[in-house]
Amino acid sequence: MLIIGLLSTKQEAEEIKYIAKICTLEDRIHFIVRMQKLKNILKEERNLKE
């Protein structure tokens with residue numbers, strides 16, 4: 001977050017922080033979806049073996 005100190009206004013810094021939080025949230029959502037897909041694949045695989 002060194003870039004925040006280089007911005008000209010506090011509002012610009014707050015906007016960058018807000019965007020970073022949204023990106024982090026988006027990454028977390030994608031991670032959760034991928035984990036759920038993997039769990040579903042493993043569950044299907046186990047059911048086929050039975």
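**Exercise 1. Find which residues make the nonpolar surface patch, and place Ile32.**

Phe31, Ile32, Met35, Leu38 and Ile41 make a nonpolar surface patch of about 440 Å². Patches take residues with over 30% relative accessible area and no salt bridge, joining like charges within 9 Å and nonpolar side chains (Val, Leu, Ile, Met, Phe, Trp, Tyr) within 5 Å. Accessible areas come from the Shrake-Rupley method with a 1.4 Å probe, and for residues only the protein chains shown count as cover.

Next, take Ile32: this residue is found in helix H1. With 45% relative accessibility, Ile32 is partly exposed (buried is under 20% relative accessible area, exposed over 50%, partly exposed in between; 1.4 Å probe, protein chains only).

A note on the model: it is predicted, local features need pLDDT of at least 70, side-chain atom pairs count only at pLDDT 80 or more, and totals for chains, interfaces and linings use all residues. Residues are numbered from 1 along each chain as its sequence is written, and side-chain values use heavy atoms, leaving out hydrogens and water.

**Exercise 2. Locate the salt bridge and describe its two partners.**

Start with the search of the whole structure, which finds one salt bridge (a side-chain nitrogen of Lys or Arg within 4 Å of a carboxyl oxygen of Asp or Glu). The partners are the side chains of Glu14 and Lys17, at 3.7 Å, N to O. Glu14 and Lys17 are three residues apart in helix H1 (residues 10-49), so about one helical turn separates them. Finally, Glu14 is partly exposed at 38% relative accessibility, and Lys17 is partly exposed at 35%.

Key:
Helices (H or I, at least four residues) and strands (E, at least two) are DSSP runs, numbered from the N terminus.
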